[in-house]
Amino acid sequence: MKSIYSFSKYRLMHNRRIEGLTILLMVAALSIASCKKFVDVHAPITSLTGQNVFTNDATAASVLTGIYGLIGSGSVYTGANGISLRSGLSADELTLASGTFFGNNQQLYQNNLSAQIQLSPSYWEDYYQKLLTVNSALEGLNASKALTNAVKNQLLGEAYFLRGFFHFYLVNFYGEVPLSLTSDWRKNAVASRTAKNQVLQHVIEDLKQAQDLLSDKYVKSDALTFYKDGSEERIRPTKWAAAAILARAYLYTGDWANAETQATLVINNNSLYSLNTLAKAFNKNNPEAIWQIQYVNNDRNTEGYHFILSGLPNFLRPTYLSSFLLGAFESGDKRRGEWVGGYSSGSDTFYFPKKYKAQSNPNNSEYLMVLRIAEQYLIRAEARAQQNNLTGAIDDLDKIRQRATLPLVAVTNPAISKSALLDAILHERQVELFTEWGHRWFDLKRTGKIDAVMGTVLPVKRPGFTWNTNWQLYPLLQGDINLNPNLAPNNPGY
């Protein structure tokens with residue numbers, strides 16, 4: 001199915017009205033049928049219809065569970081088409097091995113995307129399909145009179161959280177995008193693009209609602225039962241996850257005070273969250289994890305499967321770490337040894353991300369890390385520096401450097417200037433958050449550093465060409481614009 005802005009095609013194919021509830025019911029059914037660990041409460045009914053899906057706690061919970069299951073099954077979130085790999089190719093983190101060109105990898109790597117050729121699978125299409133489901137869920141949940149109050153609040157919170165989450169990534173990949181706030185395909189099919197800052201403000205509003213509604217403890221798949229202390233599966237969002245993304249959204253909009261406030265809420269919850277050892281920082285359900293996604297398939301969709309090299313880069317594992325990233329590590333940085341692996345062939349060594357240790361994942365020993373506490377320290381460090389609290393910023397920065405066994409800024413350069421400190425924080429984000437959820441690609445754009453960095457990087461990736469600042473945004477597919485002229489004009493340069 002095409003994106004919700006290509007519903008004219010879809011409507012002609014089926015010759016009938018398509019509502020968001022259709023997708024929602026499919027997700028719920030998929031969830032009940034296949035996400036065994038996510039869903040350990042069986043639905044007491046044997047079929048799902050628009051009338052009964054939100055009249056029962058278990059089936060209502062399964063709708064949101066199904067979305068997490070779809071994220072954990074691969075698609076555009078993890079593995080070969082995942083955000084971490086694709087954005088790493090677009091930025092200065094990954095090198096695409098010669099002869100391994102497949103799908104859009106070469107276009108991403110050479111910053112040579114086209115409005116005529118859609119990313120396959122497409123962020124645009126996938127996110128808007130899921131937003132359709134989320135909006136259907138919000139409408140159904142708000143209308144329901146039958147759900148347990150605690151379940152209803154948790155699920156509403158999860159739906160608002162996911163709506164903010166998907167819009168956050170859309171706006172950072174594409175710039176101006178339509179806000180999807182309804183399951184009505186008629187409105188979606190003619191929606192215009194919204195200014196980036198307005199989209200981010202709506203992300204913030206959704207996340208604030210999520211924060212108010214979500215539980216402060218991790219809940220099981222029934223969206224009601226709490227885990228015993230220390231046994232929690234960190235795979236459903238909590239109010240702390242909402243605070244973590246809120247902190248990020250505030251940082252991206254330059255609201256330094258609120259970014260600091262939200263990051264502090266998470267950091268101060270030290271009964272749940274703390275920096276773990278480097279070796280265990282990406283383990284499932286470890287204290288560093290704020291929100292993780294459980295893999296639904298047990299093998300090929302894991303991050304390690306597509307990153308860890310046990311031979312030369314190939315069709316399945318086409319990338320390795322760039323010289324730009326490797327050169328960013330300071331001497332003695334333990335992350336270089338713990339989070340970077342290498343495969344040698346003759347005189348050549350190909351280095352790869354080793355944050356995830358398992359190339360296969362038969363026992364679900366690792367989950368996909370979406371939010372972790374280290375990012376919150378770096379968010380607060382940047383927010384404090386921007387507010388001229390350099391001492392507080394240095395303290396947060398040094399928390400991350402201390403774990404990496406690097407010299408502390410408070411000792412080596414306590415009189416560091418604000419601009420130099422902000423550069424140091426950006427550098428620390430580069431070596432701490434590499435190949436994670438597009439952080440580097442987004443950081444270069446939001447800090448205004450992208451032209452300087454990619455001006456050096458692009459000629460290496462694409463000899464004979466110079467960087468064009470327009471390439472920092474991905475293009476909309478021209479076919480979608482043809483179907484909905486309100487999406488015009490495309491991003492500059494496409």
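A crossing between two helices is called left-handed if the near helix is turned anticlockwise from the far one by less than a right angle, and right-handed if clockwise. In this predicted model, local features need pLDDT of at least 70 and side-chain atom pairs count only at pLDDT 80 or more, whereas totals for chains, interfaces and linings use all residues. Residues are numbered from 1 along each chain as its sequence is written, and side-chain values use heavy atoms, with hydrogens and water left out.

The protein contains 21 helices and 6 strands, taken as DSSP runs (H or I, at least four residues, for helices; E, at least two, for strands) and numbered from the N terminus. Of its 494 residues, 59% are buried, meaning under 20% relative accessible area with a 1.4 Å probe, protein chains only.

A helix pair offers a good place to look at the packing. Helix α10 (residues 239-252) passes α15 in a left-handed crossing, and the axes (lines fitted to C-alpha atoms over the stretch in contact) come within 10 Å and cross at roughly 35 degrees. On the α10 side, the contact (heavy atoms within 4.5 Å) involves Ala 244, Ala 247, Arg 248 and Leu 251, and Glu 375, Gln 376, Ile 379, Glu 382 and Ala 383 contribute from α15.

Turning to the interior, the largest nonpolar core, a set of buried Ala, Val, Leu, Ile, Met, Phe, Trp, Tyr and Cys residues joined through side-chain atoms within 4.5 Å, has 129 residues. Its largest share, 15 residues, comes from helix α7 (residues 149-174). Phe 161 is among the residues with the most contacts inside this core; not counting residues up to four places away in sequence, Phe 161 touches residues including Leu 207, Pro 237, Ile 245, Trp 291 and Leu 371.

Note on methods. Buried means under 20% relative accessible area, exposed over 50%, partly exposed in between (1.4 Å probe, protein chains only). Axes are lines fitted to C-alpha atoms, for helices over the stretch in contact, and angles run from 0 to 180 degrees between N-to-C directions.
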